Amino acid sequence: MSILIGIVAALVPGLLLLWYFLRRDRFPEPRGLVVRTFLLGFAITIPAGLIGWLLQSPLADAASVHAAALAQAFLGAAIPEEALKLAVLVWYCRRKDDFDEPMDGLVYGATVSLGFATLENVLYVLNGGLGVALLRAVTAVPGHAALGAIMGFYIGLAHFLPHRRRRYLWLAFVVPVLLHGLYNYPAMIASFYNKAGIEPPDGTLAFVGLGLLAMLIIEIGWALVLQGRLARSQKQRLRMASAGADSP
């Protein structure tokens, strides 16, 4: 029973955030495409972990804790995870006829990220229990959703502004990778000291806590600003359509 409760607790945050992003879209997406995108996020979780392990393993035993933490944060997580999410958006979602406005990029970006985060959350909970689910519900899961929304925003711009496509595709990858890696970096430092059974230097725990909180606020704040920008554009379209319908 406790395992079942843990799994439910792991699933709920991602599903609630997915509902939030879908509700914010004034021109709803087809349910089937949303579900398939979410499941593709599920599907890339294990490959991302394997690729990350291969990329960071040469530096896992680096003499410097900071070098090992950076390798784990960027090579072990941020780069492979964001690269596979980007692949889903570029080679699947963006090719669909229903991808017909910039907000779609943000919605599908959040959706694929939440699919990824939900399965990742289940795996963590099976290993760490209900407490892990509760902690990740307010940290890693919303962080993934925000990163996906940011990535999707730039994918949308790349799709509808083809003269700047290369620039926005780069931003769609580089910005989430930097934010993701910088979020993971403090946590990796704490993890390495914990695994080694070494007391961290004074101030390390404060750095870890403040670093995680600061990056999470930046990620979520950035995503909400971009979402608000696209929501205002949608409202303007609706007002123009309404004015056109009312005119003689």
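Mentor: Before we start, a pocket is an open set of points on a 1 Å grid over the protein atoms alone, where a 1.4 Å probe fits, with protein on both sides within 12 Å along at least five of seven lines; lining residues have an atom within 4 Å of a point. The model is predicted, so local features need pLDDT of at least 70 and side-chain atom pairs pLDDT 80 or more, while totals for chains, interfaces and linings use all residues. Residues are numbered from 1 along each chain as its sequence is written, and side-chain values use heavy atoms, with hydrogens and water left out.

Trainee: OK, which helix gives the largest share of the lining of the second largest pocket?

Mentor: The lining is L18, L22, P28, E29, R31, V34, V35 and F38. Two helices (DSSP runs of H or I, at least four residues, numbered from the N terminus) supply at least two residues each: α1 (2-23) and α2 (31-43). The largest share, 4 residues, comes from α2.

Trainee: How many residues of that lining are charged?

Mentor: Asp, Glu, Lys and Arg count as charged; Ala, Val, Leu, Ile, Met, Phe, Trp, Tyr, Cys and Pro as nonpolar; the others, Gly among them, as polar. On that split, the second largest pocket has 6 nonpolar lining residues and no polar ones. The charged count is 2.

Trainee: Now the largest pocket: which lining residues lie nearest its centre?

Mentor: Its lining draws at least two residues from each of α3 (45-56), α4 (65-91), α5 (102-128), α6 (130-137), α7 (140-160), α8 (165-196) and α9 (204-246). There are 36 lining residues, divided into 18 nonpolar, 12 polar and 6 charged. Nearest the centre of the largest pocket lie E120, Y124, R136, N184 and M188.

Trainee: E120 and R136 caught my eye. How far apart are N and O in their salt bridge?

Mentor: Side chains of opposite charge can pair when their charged atoms come close. A salt bridge here is a side-chain nitrogen of Lys or Arg within 4 Å of a carboxyl oxygen of Asp or Glu. E120 and R136 meet in one, and the N to O distance is 2.8 Å.

Trainee: And which helices does that pair tie together?

Mentor: E120 and R136 are 16 residues apart in sequence. Since each sits in its own helix, the pair ties together α5 and α6.

Trainee: Is E120 buried or exposed?

Mentor: Buried means under 20% relative accessible area, exposed over 50%, and partly exposed in between (1.4 Å probe, protein chains only). Its partner R136 is at 10%, so R136 counts as buried. At 12%, E120 also counts as buried.

Trainee: What separates K85 and E82 along helix α4?

Mentor: K85 and E82 form a salt bridge, with the closest N and O atoms 3.2 Å apart. K85 is buried at 0%, and E82 is buried at 0% as well. The two are 3 residues apart in α4, which means a separation of about one helical turn.

Trainee: R237 bridges to E101; how many residues lie between those parts of the chain, counted as residues apart?

Mentor: The side chains of R237 and E101 meet at 2.8 Å, N to O. This pair links distant parts of the chain, with R237 in helix α9 and E101 in the loop between α4 and α5, and the two are apart by 136 residues.

Trainee: Which of the words buried, exposed or partly exposed fits R237?

Mentor: E101, at 4% relative accessibility, counts as buried. R237 has a relative accessible area of 39%, so R237 is partly exposed.

Trainee: Last one: how many salt bridges does the rule give?

Mentor: The pairs include K85 with E82, R237 with E101 and E120 with R136. By this rule, the count of salt bridges comes to 3.
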